[in-house]
Amino acid sequence: MPLRIAVLTISDTRSEETDTSGGLLRDRLTTAGHQLADKQINPDDVYRIRATVAAWIADAEVQVVITTGGTGVTGRDGTPEAVTPLLDKCIDGFGEMFRSLSWKDIGTSTLQSRCLAGVANGTYIFCLPGSTGACATGWDELIEKQLDYRTRPCNLAELLPRLTEY
């Protein structure tokens, strides 16, 4: 079941030519049979990030948003602050699982990751760190499987039609 996925790279320095993390996500999602709904690069600015993600949440053609970058603890890292107010529901287990999986690769440095996931207006949102390795871990170990309706005993893809029911 192909989903329409938008990718946002958050960086003050990346361009389309140097955006290895966004490129990895684009390549992985299309290889998995999904469709790239949009791909953009925004600077580390909370309001620009929030505006882009909010526009995709409001777009019925976008079912999933994946961001990369801005999840650390330095001064301009603001992706969680930009995205969290938009969420209707948090998927707390995503960040917990991501940090657990990252432990084997980067040890205690995984504590610096404030990656998160949630649902807003029936759209899944996943916020990953900016490194290519972190994006590979997030996609390969968590997101790809949960966006595949064949994953059992359950997956996020099969819940999409019911996300906006109240």
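This is a short talk that walks through one protein structure, from its sheet to its helices and cores.

Hi everyone, and thanks for coming. Before anything else, please keep in mind that this is a predicted model.

Let's start with the sheet. Six strands make up an open sheet, and reading across it the order is β2-β1-β3-β6-β5-β4. The pairing is mixed. In general, strands of a sheet pair through backbone hydrogen bonds, either parallel or antiparallel. The edges here are β2 and β4, residues 89–90, and each of them pairs on one side only.

Now we can go across, pair by pair. Strand β1, residues 4–10, runs parallel to strand β2, residues 35–42, and 7 bridges join them. If you want a spot to look at, find I10, which stands opposite N42 in β2. To get from β1 to β2 the chain passes through helix α1, residues 20–31, and this β-α-β crossover is right-handed.

On we go to β3. Strands β1 and β3 pair in the parallel sense over 5 bridges, with V7 opposite I66 in β3. Then β3 is joined to β6 by 5 bridges, and these two strands also run parallel. I66 turns up again here: its bridge partner in β6 is F126. So where does the antiparallel part come in? Look at β4 and β5, which run antiparallel and are joined by 2 bridges. There, K89 stands opposite V119 in β5.

Let me stay with β3 for a moment. Is it buried or exposed? Of its 5 residues, 5 are buried, so the strand is largely enclosed by the rest of the structure. As a reminder, in a regular strand the side chains alternate between the two faces of the sheet. In β3 both faces are covered: V64, I66 and T68 are buried on one side, and V65 and T67 are buried on the other.

That brings us to the cores. The largest nonpolar core has 27 residues, and the ones that touch the most other members are I66, F126 and L147. Which elements give two or more residues to this core? They are β1, α1, β3 (64–68), α4, β5, β6 and α5. Helix α5 gives the most, with 6 residues. There is also a second, separate core of 16 residues, and L8, I10, I125 and C127 are among them.

F126 deserves a closer look. Setting aside neighbours within four places in sequence, F126 is in contact with V64, V65, I66, T67, F94, L116, A117, I143, L147 and L156. F126 also belongs to an aromatic cluster with F94 and Y124. The structure holds 2 aromatic pairs.

F94 takes us to helix α4, residues 92–106. At 1.5 Å a residue, its 15 residues should span 21 Å, and the end C-alpha atoms are 21 Å apart, which agrees. Its buried residues are F94, G95, F98, L101 and S102. What covers them includes β5 (116–120), β6 (123–128) and α5 (132–146). Right after the helix comes G107, with a positive phi near 60°.

One residue of α4 to click on is S102. With 6% relative accessibility, S102 counts as buried, because the cut-off for buried is under 20%. Leaving out neighbours within four places in sequence, S102 is in contact with G107, T110 and T137.

Another buried residue is T79, which sits in helix α3, residues 79–83. The relative accessible area of T79 is 0%. Beyond neighbours within four places in sequence, T79 is in contact with I10, I49, T67, G69, G70, T71 and C127. You'll recognise I10 and C127 from the second core.

I'll end with two backbone details. Most residues other than glycine have a negative phi, and most peptide bonds are trans. N121, in the loop between β5 and β6, has a positive phi near 50°. At 46% relative accessibility, N121 counts as partly exposed. And in the segment after α5 you'll find P153. The peptide bond from R152 to P153 is cis, with omega near 20°.

That's the tour. Thanks for listening!

Conventions. Residues are numbered from 1 along each chain as its sequence is written. This is a predicted model: local features need pLDDT of at least 70, side-chain atom pairs count only at pLDDT 80 or more; totals for chains, interfaces and linings use all residues. Side-chain values use heavy atoms; hydrogens and water are left out. Two strands pair if DSSP finds at least two bridges between them. Helices (H or I, at least four residues) and strands (E, at least two) are DSSP runs, numbered from the N terminus. A crossover is right-handed if, with the strands pointing away from the viewer, the path from the first strand over the helix to the second runs clockwise. Buried means under 20% relative accessible area, exposed over 50%, partly exposed in between (1.4 Å probe, protein chains only). Contact means heavy atoms within 4.5 Å. Rings of Phe, Tyr and Trp (its six-membered ring) pair if their centres lie within 6.5 Å; planes under 30 degrees apart count as stacked, over 60 as edge-to-face and the rest as tilted. The expected span of a helix is 1.5 Å times one less than its number of residues. A nonpolar core is a set of buried Ala, Val, Leu, Ile, Met, Phe, Trp, Tyr and Cys residues joined through side-chain atoms within 4.5 Å.
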